[in-house]
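Biologist: I've got this model open on my screen and some of the labels puzzle me. Could you take me through the reasoning behind them?

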Amino acid sequence: MLFPTANSQADLNATFLAGDRVAVLLPLPLAGHYDYVVGPAQSLAAGDFVRVPLGTRHAVGVVWGAGSASLAIEKCRPTDGRLDVPPLPAASRKLVDWVAAYTVSPPGAVLRMVISVPAALDAPPADPVAYVAVDPPPPDLKMTEARRRVLAAAGRPLPAAELARQAGAGTAVIKGLAEVGGLARVSAPRRLPPPTPDWRRAGLPLSDIQASAAEALRRTLEGGFSVTLLEGVTGSGKTEVYFEAVAEALRRGRQVLVLLPEIALSTQWLARFERRFGTRPVEWHSELGAAARRDGWRDVAFGRAKVIVGARSALFLPYPELGLIVVDEEHDASFKQEEGVIYHARDMAVVRARTGDVPIILASATPSLETQTNVVQGRYARVSLPLRHGGADLPEISLVDMRRHAPPRQSWLSPPLVQAIENTLTAGEQVMLFLNRRGYAPLTLCRGCGHRLQCPHCTAWLVEHRSAGRLQCHHCGYISAKPAVCPECQAEDSFAACGPGVERLAEEVAAKFPDARTVIMASDTLRGPQAAQDLIDRMANREIDLLIGTQVVAKGHHFPLLTLVGVVDADLGLAGGDLRAAERTFQLLSQVAGRAGRAAHKGHVLLQTYQPDDKVMQALLSGDGERFYLAEADDRRVAGMPPFGKLVALIVSGPDPDAVDRLAAQLARVAPRGGDIEVLGPAPAPLALLRGRHRRRLLLKAPRAVNVQAVVRRWLTGLRLPGGLRVQIDVDPYSFM
């Protein structure tokens, strides 16, 4: 029997004996829990992982509390038994309930993010058998040449296959030696527990400002829940400062979670952590293999993993001793989960800190407007680092008005930027060119009829990747070869590339600076963390003169000899109807600019723009970020937009556009009205076709005082979804595509 979520402290700590009724939450998209009775000779506690019957199969769930009384107890099926893993901590269960309520999602769908590795709930594989030489060997042992080689190689425990390989003998020789007592069978640990980072190791010397900031962060661990914004200019040493808080949490015997955007690319951060604490942290991200994820989940649950660094999904691991959370680059849009349960990891990390009564640090050079507003309103504390570490100066920023300094036809670099590149390379220093477009060209069209090559599954143009010889959709991954003839007018060799991507920019750079060693850094050119580290090492070793990159170059990388950053299209992020377009552009360009001049050499940044008077460009030029945030806050406040108002997006999708339109119209007819609540739409989403599904969007706008979750639940009450149709709810939308 399903029943509403219960949050009482009694349920969080309850214990149950055989025959008691319990509520079990299953990792399925269900509206609530199922009732079971505790099986014979069993004793369960809230949070225990249990195996239960479900229809004709068996499933794993979590004991959530006492069952309801709405179903006769004789109709409740017994639990199969408790799994041999630590219970899900009360703070994690509170987080599941909170996220489900806030995002208007089934609690079981949120629990599925906690039980993301079902294999971790099973007993780990048995340790393999190894063989080691008995010393001294039995006196009556008959020796052969093969046996001598095996005994010589068996000075330490080795599996049979490895011992046979090293000794150049067959496994039959090894088994024979074991039977007559020449070798002892021992259990070899399959893996060792992760080493504990050493908080006693000294960190890098801190300036007076950094030391004061570090002390303020350490003091947050003396109390319970608190939120502190660590705001510092690029290159100010924010990481080394919050490492001091990490060390304090480790000194107190607590676990630490550090969330990073795009963890697979954060190789420099991992290296800095290892230098500071003597070992690497436990990593958690999508590029890990199944065995590493299973072991990592168990290491967290059993408290063996003391520091965990991960992408947004690391938030839902079952930490039994969590003492500190750090969200680095808290402004980054990568923290927004856009599929399944839609949530923002920064905001949910604050909730996890609150449910566990622990401090959280939000670090950024360009904090989100939401975080800035919470600081202004007194909800969050602020610790500032206004200066770069080691006395380095912030880069000088200049605007290149492209209306006055237009590049030649089919070129993208203005004369002032070309001259600056030439001067920098002549001085033996490095250059970075930033263009947030992958591939060769964002659009390919026929010169004869104007036909544009579009993805068959999405409302998106196919991006040409000339180096790979393909066209690709960056939304669904569809790939095709460029057709030999236009499918519309049958013209041959008529396709033209429109606009630049990083590959086309590299082509221009090669023509203008043929002696420069040029490399492209983009998400589709980096094949995992090691490739990113190799490229960073090449840059640090001066094996690269000119780096061309997309937004991955803005992710905190430190290049000591990089003195010039050129932003090829500074206006790119300002296009479209995204309410956060200005904020995102300011943050991204500030981060990109921050790569320049981080050591002894003065840095210079050139922004190519057709809108030099825009508030973003003027804020970057003046270096007055505070003025930008005040202006942006005023604009949002007047419009009633977040963080001064609330938005909820409903996206109706399905394979049949007519059925999608009918459902969207039905939702519009019964949409809530009045009380300053406004519902916009339905309207085709900007990506009206995505992965073969047609999409219509409705947008609910309300004042902050309105409980929009309750409004949405009432709105959708009784809604019956025809086959193939889906309504996706996005509270606090970040993407408007």
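Biologist: Why is Ser-480 called buried?

Modeller: Ser-480 has a relative accessible area of 18%. Buried means under 20%, exposed means over 50%, and partly exposed is what lies in between, using a 1.4 Å probe and protein chains only. So Ser-480 goes into the buried class. Bear in mind that this is a predicted model, where local features need pLDDT of at least 70, side-chain atom pairs count only at pLDDT 80 or more, and totals for chains, interfaces and linings use all residues. Residues are numbered from 1 along each chain as its sequence is written, and side-chain values use heavy atoms, with hydrogens and water left out.

Biologist: Where does Ser-480 sit, and what is Ser-480 in contact with?

Modeller: Ser-480 belongs to strand β25, residues 479-480. Strands here are DSSP runs of E with at least two residues, helices are runs of H or I with at least four, and both are numbered from the N terminus. Leaving aside neighbours within four places in sequence, the contacts of Ser-480 are Leu-462, Arg-470 and Leu-471; contact means heavy atoms within 4.5 Å.

Biologist: What makes strand β33 largely enclosed?

Modeller: Of the 11 residues in β33 (residues 693-703), 9 are buried, so the rest of the structure largely encloses this strand. β33 pairs with β31 (residues 645-654) in the antiparallel sense over 10 bridges, with Leu-647 having Lys-701 as its bridge partner. β32 (residues 678-690) also runs antiparallel to β33, joined by 7 bridges, and there Leu-689 stands opposite His-694. Two strands count as paired if DSSP finds at least two bridges between them.

Biologist: What lies between β32 and β33?

Modeller: A turn of 2 residues, which makes the pair a hairpin; Arg-691 in that turn has a positive phi of about 55°. Elsewhere in β32 you'll find Pro-682, and the peptide bond leading to it from Gly-681 is cis, with omega near 10°.

Biologist: Why is α16 called roughly antiparallel to α18?

Modeller: Helix α16 (residues 581-593) and helix α18 (residues 625-639) pack at about 165°, with axes 10 Å apart. Under 35 degrees is roughly parallel, over 145 roughly antiparallel, 65 to 115 roughly perpendicular, and the rest oblique. So α16 comes out as roughly antiparallel to α18. The axes are lines fitted to C-alpha atoms, for helices over the stretch in contact, with angles from 0 to 180 degrees between N-to-C directions. On the α16 side, the contact includes Phe-586 and Gln-587, and on the α18 side, Phe-628 and Tyr-629 are among the residues involved.

Biologist: And what makes α2 oblique to α11?

Modeller: The axes of α2 (residues 90-103) and α11 (residues 345-356) come within 9 Å and cross at roughly 140°. That angle falls in none of the named ranges, so α2 is oblique to α11. Among the residues that meet are Trp-98 and Tyr-102 in α2, and Met-348 and Val-351 in α11.

Biologist: How do you know that Val-104 is buried?

Modeller: Its relative accessible area is 19%, so Val-104 counts as buried. Val-104 lies in the loop between α2 and α3 (107-114) and has a positive phi of about 55°, although it is not a glycine.

Biologist: Why does Asp-732 count as buried?

Modeller: Asp-732 has 18% relative accessibility, so buried is the label. Asp-732 also has a positive phi, about 60°, without being a glycine, and lies in the segment after β34 (726-731).

Biologist: One last one: what makes β20 and β27 edge strands?

Modeller: Each pairs on one side only. They belong to an open sheet of 6 strands in the order β20-β30-β29-β21-β28-β27, with parallel pairing. β20 is joined to β30 (residues 604-609) by 6 bridges, and Asp-401 stands opposite Thr-609 in β30. Helix α17 (residues 615-622) packs on this sheet, touching β20 and β30.
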